[in-house]
Each structure stands twice: as structure tokens, then as C-alpha cells.
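The following note is offered to a colleague beginning the study of protein structure. Please read the numbered points with the model in view.

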Amino acid sequence: MLHRRIALFVPHQGCPKDCVFCNQSRITGQKRENRLTEEQVRRTIEEHRATIPPDALVEIAYFGGSFTGLPRSYQRMLLEVAKEYIDAGVVQGIRFSTRPDYITDSIMEFLIQYGVTTIELGTQSLDDTVLELSARGHSAAQVKKAVETIRKYPGIEVGLQLLPGLPGDSKELVMETVQKAISLQPDFVRIYPALVIAGTELEWLFHTKQYVPLTLEEAIDLVAGMWVEFMQADIPVIRMGLHSSEDLRTEGTIIAGPFHPSFRQLVEAKLYADLLDLVKQEVDPKEIKKVTLHPADETALRGSKGGNWKGFVKQCSPNIPLLEFNSSLHRHMIEVSMRDGQVISYRLSALADLESSFL
Ligand code: SF4
């Protein structure tokens, strides 16, 4: 089943203050004081509808701010328009992002009247010092409480947005955050390594040498380590790295930090490189006859400029293993067929047990 999202941005609106890393207006290209009118919402939905296949499952997504911190009348307008489309059967759900401290029972009672299906909590870290240094204005305990509150309303999914690499963060604290996040059992996670965006306090901290962002390589390693932990816990990571929008790519928007337009692919390629290393350690590479995987994982397995696979094949020399594809295999795993007939499966999630490769 196809899934499609109609995204509408409500940048910065509903926020009590500026978190040190955030300049939503810069990322989305919309001014903080701009409010969507009912007409704009309808127009955006109609424009998207025209391009969405009729059999797709469609969600209206309000992103970019703290939705439940918006004035109630504004929230009501946005939700009522969306619900009209739900009632007409052309849209199947509503999702938005908000702050954990803006989730209460009374807020949830209000939301469920409109068919909200997914709430994403801007969590960033589950370490109180990191949260404080980022001026988040909420604690890790409030994230837990928000998740528990949402869970009282079956049918609403909850996702956590994590930002490794904030001030005061470390690899160890990030991996502790991952374990705490897993214990909350979210339905999904997004991971956005912290970037220095123009006009934020983080920019000032960076220029005054009080903050050093992760390098791209560090961020890839760190996010790879996070992802395998979530994979092992069966929690999908639906995004890694910020979406490479035109506004984000505008010169002068990203001051520093580990931005890459294909960040997820780099993480996947790193994990496949590790997986192939693991295979070489566990079996005699010269005895490998064939490696089989899901076709959607081919690019990640081959790695940048095909380097993962070329390096692997060299180790198997003088024999050259076949590379085959099988769409009935699970994603993120490979099957290694040996010359003696043995077939061994390796999953990326197994790399979680090799913690030392990431820390
Ligand atoms: S990170 Fe979220 S809560 Fe913080 S300023 Fe940005 S939109 Fe507001």
C-alpha cells in the first residue's frame, strides 16, 4: 500500500522560546509570524491531492512547530479542515510534531475528536543536562510522561525525534538516550544529527568556540550505532538526517555540522561495510560462493563508488562470489552461501552486539 503525506509547515509557532539549535523559519523558508489561513490549507491539500494516486493512504502532516502550543482556535481550524478530508474518505490521518511538555490528558481529549493518528515528540535527548544546555525547557521525565499519556489513547502512534550531538552530548550519552528511548517503546524514531543553523544560539556558541559539532564521519558512525540498537529493538527509524530542502541548501543557512543530502545512504553503506567485515571474520572468504540480499539494499551493500563490494571481492580472491537479489528476503540482511552448501544469514541488527565498532 502506498503512503503519501501532505506536509504543511507551522514553523516556530507554539514555542515558548528558542531552543539553541532551532531556527525553523530558516529551515522551512517560512517566517515565524506567518500563519496558515484556512484557504491556504485547503489549497495545499487540493494541490497535493491532484498528484496522489487514488489508492494511496494519505496523511495530513503539520510540521515545524509545537502544534499543541498553538492557540486553540488556530489548532481547531487546522484540524477541522483536515477532518473534513478524513470524513470524505480522501485522507486517512493527521500527524504533527509537538513538545513533550505540551501533551496532557485534556489536550489529548481535544485532539482525538479530529482523527489525529500520529504525534511526534521533539525529544532531542533523554539526558537532562543535554536538554538544559539546549534550552529545551523540559526534562527527560516529561518525555516519558508524554508517551504514557499518548498511550492511553489507542490508535494514536507516537514517534520520537532525536538530535544527537547537541551541547554537552557525547557518544555515551547518545547511546544511553537510545536505551531510554527503546524503553519507552515508540512506534518509530527520527534521527537528525545536530547542525549549526544560521541565526541560532548554537551559531553563536560555535563562533565563540563553545560548541564543536560532530564531523560527518562521527555522525555517520554514531547514527549507525543508534540505528542498529533500534533495529534490534524492532523500532523503525523512519528518517536519518534533515531533508535536503531548497531552503536548507541556500548558502549561509548551514553554518557547520554533519549535513549530507544522502545522509541515510551513508549510514546504510557504513553498516554494510561493517557487516561484510563481520562475514570475513567469521568465515573463510575464499569459500564464499554467493551473497544474496533484497534488491532495495544493493546500493547500500555496494557502498560509495562500489567500494564495499569491491573490497570484499578482493578478499575472496582468487574466487569471485556472485551477488544475487531476492525480493522475498527481509531488508537489511544478507545470506551468504558457502561452497560446501551451507547458508548463513547476517542481519545489520546483529551489529548492535559489536558495540565497540561504534564507541
Ligand atoms: S525545536 Fe521545537 S520547541 Fe524548540 S524552538 Fe524549535 S520548534 Fe520550538
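1. Before the pairings are described, one term is needed: two strands pair if DSSP finds at least two bridges between them. The model under discussion is predicted. In it, strand E10 and strand E11 (residues 322-325) run parallel and are joined by 4 bridges. Two positions illustrate this pairing: Lys290 stands opposite Leu322 in E11, and Leu293 stands opposite Phe325 in E11.

2. Strand E10 (residues 288-293) also pairs with strand E12 (residues 333-338), here in the antiparallel sense and over 5 bridges. Within this pairing, Val336 in E12 is the bridge partner of Val291.

3. How are these strands arranged in their sheet? The sheet is open and is formed by 4 strands in the order E11-E10-E12-E13, with mixed pairing. E11 and strand E13 (343-347) stand at the edges, and each has a single partner strand, so one side of each is left without a neighbour in the sheet. On average, neighbouring strands of this sheet are turned by 25° against each other, direction ignored.

4. A second open sheet should be examined separately. Its 7 strands follow the order E1-E2-E3-E4-E5-E6-E8, and the pairing is parallel. The edges are occupied by strand E1 (3-9) and strand E8 (237-240); because each has a single partner strand, one side of each is left without a neighbour in the sheet. From one strand to the next, the twist averages 20°.

5. At the E1 edge of this sheet, 7 bridges join E1 to strand E2 (residues 57-63), and the two strands run parallel. Phe9 stands opposite Phe63 in E2. Helix H9 (residues 216-232) packs on the sheet, where the helix touches strand E6 (188-191) and E8. The direction of H9 makes about 175° with that of E8.

6. The domain assignment divides the protein chain into domain 1 (3-261) and domain 2 (269-357). Their centres, taken over C-alpha atoms, are separated by 34 Å. Where the domains meet, 7 residues of domain 1 are in contact with 7 residues of domain 2. The side of domain 1 that touches domain 2 has 4 nonpolar, 1 polar and 2 charged residues.

7. Which residues come nearest to the ligand? Of the 10 residues around the ligand, these are Cys15, Asp18, Cys19, Cys22 and Gly122. By class, the shell around the ligand comprises 3 nonpolar, 5 polar and 2 charged residues.

Conventions
Residues are numbered from 1 along each chain as its sequence is written. This is a predicted model: local features need pLDDT of at least 70, side-chain atom pairs count only at pLDDT 80 or more; totals for chains, interfaces and linings use all residues. A residue is near a molecule or strand if its C-beta atom, placed from the backbone, lies within 6 Å of it. Ala, Val, Leu, Ile, Met, Phe, Trp, Tyr, Cys and Pro count as nonpolar, Asp, Glu, Lys and Arg as charged, and the others, Gly among them, as polar. Axes are lines fitted to C-alpha atoms, for helices over the stretch in contact, and angles run from 0 to 180 degrees between N-to-C directions. Domain bounds come from an automatic or database domain assignment. Two residues are in contact if their C-beta atoms, placed from the backbone, lie within 7 Å.
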